Amino acid sequence: MAIQDAVALTKSLLHYDTVNPPGQEADCARHAAKLLADWGFKVDCHDFEPGRTSVIARAGGNGARAPLCLTGHLDVVPLGTRAWSHDPFAGETDGDRLYGRGSSDMKAGVAAILLAARSFANKLQGTPGVVLVLTASEENGCIGSRHLAALPQLMGTAGAIVVGEPTANHPYVGHKGSLKFHAGFRGVSAHGSMPELGENAIYKAARAVGRLESFDFAQAPHPVMGAATLSVGTIEGGSGVNLVPDAARIGVDIRTLPGMDHAGLLARLRTLMGEDAHIEPFSDLPAVWTAPDAQWMQRVFEICTPFLAAAPQVRTATYMTDAANLRKVYGEVPTVVLGPGEPQMAHQTDEYCSMARIRQSVAIYEAIIGDWCRP
Ligand SMILES: [Zn+2]
């Protein structure tokens, strides 16, 4: 396989349609797996469903210190309803901009991770080494990484994590957690002209919504992330205006702070919404946070500084990442979110990435790997 530069490799990843749903990361994953195997990495692939392939690749390892994990997702979000002025899969460029669905979020990050790993492929013997985790299905609730987190034999260990999500090469020290659930309410159906004979499930849901609107987390805002939040995002119920509804359901999106106990929070909400509420959580991801003054984070800040206009400020991402799941298997190891994509371009029409930043991020990742694996 010919040596590719980071922009060319990003383009080759953009050509694979990994729009999720349906995802179908398999071909893109196999392309990355083949490159890594050619460069001397030990590569495993894992399909959580047919066609939904994640790649785990490692090199080096000395048993004394856990490897550095670099991770990125292979899927991208749908194109949206607005027309694109650039082909979302062709890798068109204009000036410094490389256009395409997933250019910023986050095939540029995956390409940079791959090329930085290639630079070290044959130089990691006797060092802690690296483990690369390229995931399927991040965009629909971190499903791929959730499956990987349940496979400790496959995943091994890691001593720190770099998540290549879009940050314009600014190191972010974490992000909020996410707890999402449906709450169902049952009633008794009756003719709409005789509501006294029924039990209205929508009224039950509405009372719960009212209580949720004024829910108090009873926790001070985080100095960097701000306050925990709760939002009721969906409400469904009833089958006709002339029927008393016997079922209703709401969907709730909670964003939590580091250290928040999700099980305890759910117990409080259960009490708040009452016995009628049947709660079904469908996403439970803890917050990710590493103290900015932690030694490794300070090293990452130092490494990034020459590439930024000024020394990095302490910031966190607004979005979730696979790190929330990977820390279930790797423990709460230091974790930085750091990648070449433009954070405001994620999920946008005419998504693009700066090609200069893609090349910078290869150098940043190389420096972070070199620092972790120095003799
Ligand atoms: Zn992403």
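Trainee: What makes helix α9 mostly covered?

Mentor: Let's count together. In this predicted model, α9 spans residues 323-330, and six of its eight residues are buried. A residue earns that word if 20 or more other C-beta atoms lie within 10 Å of its own.

Trainee: Which residues of α9 are buried?

Mentor: They are A323, A324, N325, L326, R327 and Y330.

Trainee: And what happens just after α9?

Mentor: There you meet G331, with a positive phi of about 80°.

Trainee: Now I'd like to try I235. Why is I235 called partly exposed?

Mentor: Good choice! I235 has 13 C-beta neighbours inside 10 Å. Buried needs 20 or more and exposed needs 12 or fewer, with partly exposed in between. The value 13 falls in between, so I235 counts as partly exposed.

Trainee: Where is I235, and what does I235 touch?

Mentor: I235 sits in strand β11, residues 229-237. Leaving aside residues up to four places away in sequence, I235 touches A205 and I250.

Trainee: How far is I235 from L14?

Mentor: Their C-alpha atoms are separated by 36 Å, and the two residues are 221 residues apart along the chain.

Trainee: L14 belongs to α1, I see. Why are α1 and α3 called oblique to each other?

Mentor: Two packed helices are described by the angle between their axes and the distance between the axes. Here the axes of α1 (residues 6-14) and α3 (residues 103-120) come within 9 Å and cross at roughly 125°. Under 35 degrees would be roughly parallel, 65 to 115 roughly perpendicular, and over 145 roughly antiparallel. An angle of roughly 125° fits none of these ranges, and the rest count as oblique, so α1 and α3 are oblique to each other. The crossing of α1 past α3 is right-handed.

Trainee: Which residues meet there, and what classes do they fall into?

Mentor: From α1 come A6, L9, T10, L13 and L14, and they meet S103, K107, A108, V110, A111, A112, L114 and L115 of α3. By class, this contact has 10 nonpolar, two polar and one charged residues.

Trainee: Last one: how do you know that domain 1 and domain 2 touch?

Mentor: Contact is counted when C-beta atoms lie within 7 Å. Nine residues of domain 1 are in contact with 10 residues of domain 2. On the domain 1 side, six are nonpolar, three are polar and none is charged. Domain 1 covers 6-175 + 287-372, while domain 2 covers 177-285. Their centres, taken over C-alpha atoms, are 35 Å apart.

Key
Residues are numbered from 1 along each chain as its sequence is written. This is a predicted model: local features need pLDDT of at least 70, side-chain atom pairs count only at pLDDT 80 or more; totals for chains, interfaces and linings use all residues. Domain bounds come from an automatic or database domain assignment. Two residues are in contact if their C-beta atoms, placed from the backbone, lie within 7 Å. Ala, Val, Leu, Ile, Met, Phe, Trp, Tyr, Cys and Pro count as nonpolar, Asp, Glu, Lys and Arg as charged, and the others, Gly among them, as polar. Helices (H or I, at least four residues) and strands (E, at least two) are DSSP runs, numbered from the N terminus. Axes are lines fitted to C-alpha atoms, for helices over the stretch in contact, and angles run from 0 to 180 degrees between N-to-C directions. A crossing is left-handed if the near helix is turned anticlockwise from the far one by less than a right angle, and right-handed if clockwise.
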